Amino acid sequence: MVINRPRINLVMKNRRIINFLVSLLIVQFALTACVKEEPAQLEIEVGEVYEGGIVAHIFQPGEPFYVLGETHGIVVAPTDQVFESQWGCQGTRVTGTSPEIGRGRENTKRVVEWHDALPNYYTNPTQCHPNNDGTVAAKLAVEFRAATGQQDWFMPSLKEMNYLYQNRDKIGGFSVEEYWSSCETNENAACVMSFITGELTSRNKSEYHRVRLIRFF
């Protein structure tokens, strides 16, 4: 039997080439599968209509809730959704509210739960103060639903409200009247802000002031 060695060598060489190419394809496929496409960063500016309201602030590097490569911020309710209300029970302290960024939602929830726990506050509000009428701004906040469906709104904390003040001209629609925040001062008063001067002060909880809700995105 005559063995054609050149032919055998050629076949072996071709097999090695094919195996090498197959290995390259496998490696390339594995690398492609491991690479995740980064989501496109949202391009949006303060003052634009977005998710049921108006963009009031976009978190920047160094600020809480900033995430590299992503866009997060605050949306404020449109002007036609602004309402007036008492802050709540005057004469007793809720306790635990905070002025910090990211605490407005928790403040709002805490105020609602505290009033819900009072015996018949909504039907017998004068148990707190003769001027109380049963309205609670935080209660109206959690019941609010935007025309576009968003319902995770809350009253801003003082520092969240400061973002609104900084961008008030781009946001628009602020009144000369003072606006409630979700922060409590003491048993009789809670915090308000003037969007004309930026002044932060306290008012009796049984007074009526404006409320402009926010949500995070």
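## Exercises on cysteines, cores and a helix

In this predicted model, the torsion about the S-S bond of C89 and C128 is about -105°, so the disulfide between them is left-handed.

**Exercise 1.** Work out which parts of the chain the disulfide of C89 and C128 links, and decide whether C89 and C128 are buried or exposed.

*Solution.* Begin by placing the two cysteines along the chain: C89 lies in the loop between β4 (83-86) and α2 (104-117), while C128 lies in the loop between α2 and α3 (137-143). The two are 39 residues apart, and the pair therefore links distant parts of the chain. Next, look at the bond itself, in which the sulfur atoms of C89 and C128 are 1.9 Å apart, within the cut-off of 2.5 Å for a disulfide. Finally, compare each accessible area with the 20% limit below which a residue counts as buried: C89 has a relative accessible area of 1% and is buried, and C128, with 18%, is buried too.

**Exercise 2.** Explain why C183 forms no bond with the cysteine whose sulfur is closest.

*Solution.* First find the closest cysteine sulfur to that of C183, which belongs to C191 and is 5.1 Å away. Because a disulfide needs two sulfur atoms within 2.5 Å, this distance is too far for a bond. C191, accordingly, is in no disulfide. Burial can then be checked for each residue, and the result is that C183 is buried with a relative accessible area of 3%, as is C191 with 10%.

**Exercise 3.** Identify the residues that touch the most other members of the largest nonpolar core, and describe the surroundings of M155.

*Solution.* The largest nonpolar core has 29 residues, and those touching the most other members are W87, W153, M155, W180, V211 and L213. To see which elements contribute, note that β2 (53-58), α2, α3 and β6 (189-194) each supply at least two residues of this core. Turning to M155, and leaving aside neighbours within four places in sequence, one finds contacts that include W87, W180, V211 and L213. A second, separate core of 18 residues includes L164, Y179, I214 and F216.

**Exercise 4.** Compare the span of α2 with the expected value, and find where its buried residues lie.

*Solution.* At 1.5 Å a residue, the 14 residues of α2 should span 20 Å, and the end C-alpha atoms are indeed 20 Å apart, which agrees. The buried residues of α2 are G104, N107, T108, V111, V112, W114 and H115. Seen down the helix axis, these buried residues fall within an arc of 165°, so they line one face of α2. The last step is to ask what they pack against, namely α3, α4 (158-166) and β5 (178-184).

Note on methods: Residues numbered from 1 in each chain as written. Predicted model: local features only at pLDDT ≥ 70, side-chain atom pairs only at ≥ 80, totals over all residues. Heavy atoms only, no water. Helix = DSSP H or I, 4+ residues; strand = E, 2+ residues; numbered from the N terminus. Buried < 20%, exposed > 50% of the residue type's maximum accessible area, 1.4 Å probe, protein only. Core = buried A, V, L, I, M, F, W, Y, C linked by side-chain atoms within 4.5 Å. Contact = heavy atoms within 4.5 Å. Expected span 1.5 Å × (residues − 1). Arc of directions from axis to C-beta.
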